[in-house]
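Work through the exercises below with the sequence and the model open. Each task is followed by a solution in steps.

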Amino acid sequence: MVTPGTFIKASISAGKEFFRPPVDDAARAPHRPPVLVPIRSIGPTHGERIEKHLLALEPHDRYLRFGYAARDEQIQRYVAGLNFERDEIFGIYNRKLELIAMAHLALSIDPELKSCAEFGVSVLKHARGRGYGARLFDRAVMHSRNEGVSMMFIHALSENTAMLNIARKAGAVIERDGSESEAYLKLPPADLDSRMTEIVEEQIAQTDYRLKVQAKQFWNILAMVQEVRQGVRDSRDRMPI
Ligand SMILES: CC(C)(COP(=O)(O)OP(=O)(O)OC[C@H]1O[C@@H](n2cnc3c(N)ncnc32)[C@H](O)[C@@H]1OP(=O)(O)O)[C@@H](O)C(=O)NCCC(=O)NCCS
């Protein structure tokens with residue numbers, strides 16, 4: 001649950017982030033999970049970023065994510081076919097506004113299974129082990145509850161220890177069938193806490209994203225100004241005295 005304290009800490013850390021130039025995620029020191037990971041709901045305008053994220057997955061990760069070693073065209077078709085109206089796509093962005101982790105919660109289209117949803121997730125290699133996969137799972141659980149979903153399914157290969165760990169820890173029942181496993185998690189109905197927490201978390205994530213956009217623009221302008229100044233300095237140095 002998001003307490004007022006967590007909210008304040010998250011806002012302060014978002015403010016501090018503004019003044020730090022973007023760094024390469026891969027070059028970051030081993031990570032301590034932040035107080036609150038800003039996870040935002042993504043709309044169709046982010047299609048290109050979703051595609052870039054999925055195309056960055058290595059063949060084995062594509063196999064784990066989709067159940068087959070999806071080729072680039074298959075990923076492009078998957079992204080083009082995403083239904084943003086019915087389903088929910090969640091994402092975590094870094095300060096360079098790259099989508100480093102995302103989840104797809106597909107709500108059932110079968111009227112008989114209206115209260116079911118399927119969860120799929122991917123985290124870029126350099127951002128793994130920081131708890132993003134688990135946070136996205138928690139967020140999907142909360143959203144599912146608020147949407148009246150009572151059962152969440154996760155289809156994973158039996159070798160996918162990380163994914164099965166996340167599901168098991170959340171209380172899912174896992175049924176192994178050879179190389180494939182099916183995990184299902186029964187969800188309690190929504191309550192005031194789940195509804196309020198989702199609203200607050202979404203607000204924090206939207207604010208965080210807007211700050212990242214502004215910070216990126218700020219650092220771009222600063223880099224441009226420095227380039228111009230360097231150009232002026234260079235041409236001054238070349239001038240005959
Ligand atoms: C599965 C995946 C999303 C996990 O993301 P992540 O952000 O690294 O996961 P987390 O940091 O939240 O870790 C979740 C749990 O798995 C464990 N874990 C992480 N990587 C692991 C690994 N390679 N082997 C064993 N356990 C691992 C973590 O220790 C953690 O367990 P804990 O809470 O008991 O410590 C990521 O590995 C991935 O994108 N894989 C490729 C796509 C995929 O497999 N998708 C899932 C199928 S839909």
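S6 and S7 are joined by 5 bridges and run antiparallel, with S7 spanning residues 180-186. The model is predicted.

**Exercise 1.** Place the S6-S7 pair within its sheet, and find which strands are at the edges.

*Solution.* Step 1: take one bridge of the pair; Val173 has Tyr184 in S7 as its bridge partner. Step 2: read the strand order, which is S1-S2-S3-S4-S5-S7-S6. The sheet is open, has 7 strands and shows mixed pairing. Step 3: look for strands that pair on one side only; these are strand S1 (40-41) and strand S6 (173-177), the edge strands.

**Exercise 2.** Determine which strands helix H2 and helix H5 touch or lie across, and at what angles they run.

*Solution.* Step 1: helix H2 (residues 47-55) packs on the sheet and touches strand S2 (88-93), strand S3 (99-107) and S4. The direction of H2 makes about 105 degrees with that of S3. Step 2: H5 lies across S2, S3, S4 and strand S5 (151-157). H5 runs at about 160 degrees to S4.

**Exercise 3.** Describe H5: its length, its buried residues and what they pack against.

*Solution.* Step 1: H5 has 15 residues, and its first and last C-alpha atoms are 21 Å apart, close to the 21 Å expected at 1.5 Å a residue. Step 2: list the buried residues, among them Tyr132, Leu136, Phe137, Val141 and His143; two arginines, Arg135 and Arg139, are also buried. Step 3: the buried residues of H5 pack against S2, S3, S4, S5, H6 and helix H7 (192-238). Step 4: just after H5, Gly148 has a positive phi of about 85 degrees.

**Exercise 4.** Is Leu97 buried, exposed or partly exposed?

*Solution.* Step 1: locate Leu97 in the loop between S2 and S3. Step 2: check its backbone; Leu97 has a positive phi of about 65 degrees although it is not a glycine. Step 3: count neighbours. Leu97 has 14 C-beta neighbours inside 10 Å and therefore counts as partly exposed, since the cut-offs are 20 or more for buried and 12 or fewer for exposed.

**Exercise 5.** Which elements supply the shell around the ligand, and which gives the most?

*Solution.* Step 1: the shell has 22 residues, the closest being Leu64, Arg128, Gly133, Ala134 and Ala162. Step 2: two or more residues each come from helix H3 (59-66), strand S4 (116-123), helix H5 (132-146) and helix H6 (161-169). Step 3: H6 gives the most, with 6 residues. Step 4: by type, the shell divides into 9 nonpolar, 8 polar and 5 charged residues.

Notes. Residues are numbered from 1 along each chain as its sequence is written. This is a predicted model: local features need pLDDT of at least 70, side-chain atom pairs count only at pLDDT 80 or more; totals for chains, interfaces and linings use all residues. A residue is near a molecule or strand if its C-beta atom, placed from the backbone, lies within 6 Å of it. Helices (H or I, at least four residues) and strands (E, at least two) are DSSP runs, numbered from the N terminus. Ala, Val, Leu, Ile, Met, Phe, Trp, Tyr, Cys and Pro count as nonpolar, Asp, Glu, Lys and Arg as charged, and the others, Gly among them, as polar. Two strands pair if DSSP finds at least two bridges between them. Two residues are in contact if their C-beta atoms, placed from the backbone, lie within 7 Å. Axes are lines fitted to C-alpha atoms, for helices over the stretch in contact, and angles run from 0 to 180 degrees between N-to-C directions. The expected span of a helix is 1.5 Å times one less than its number of residues.
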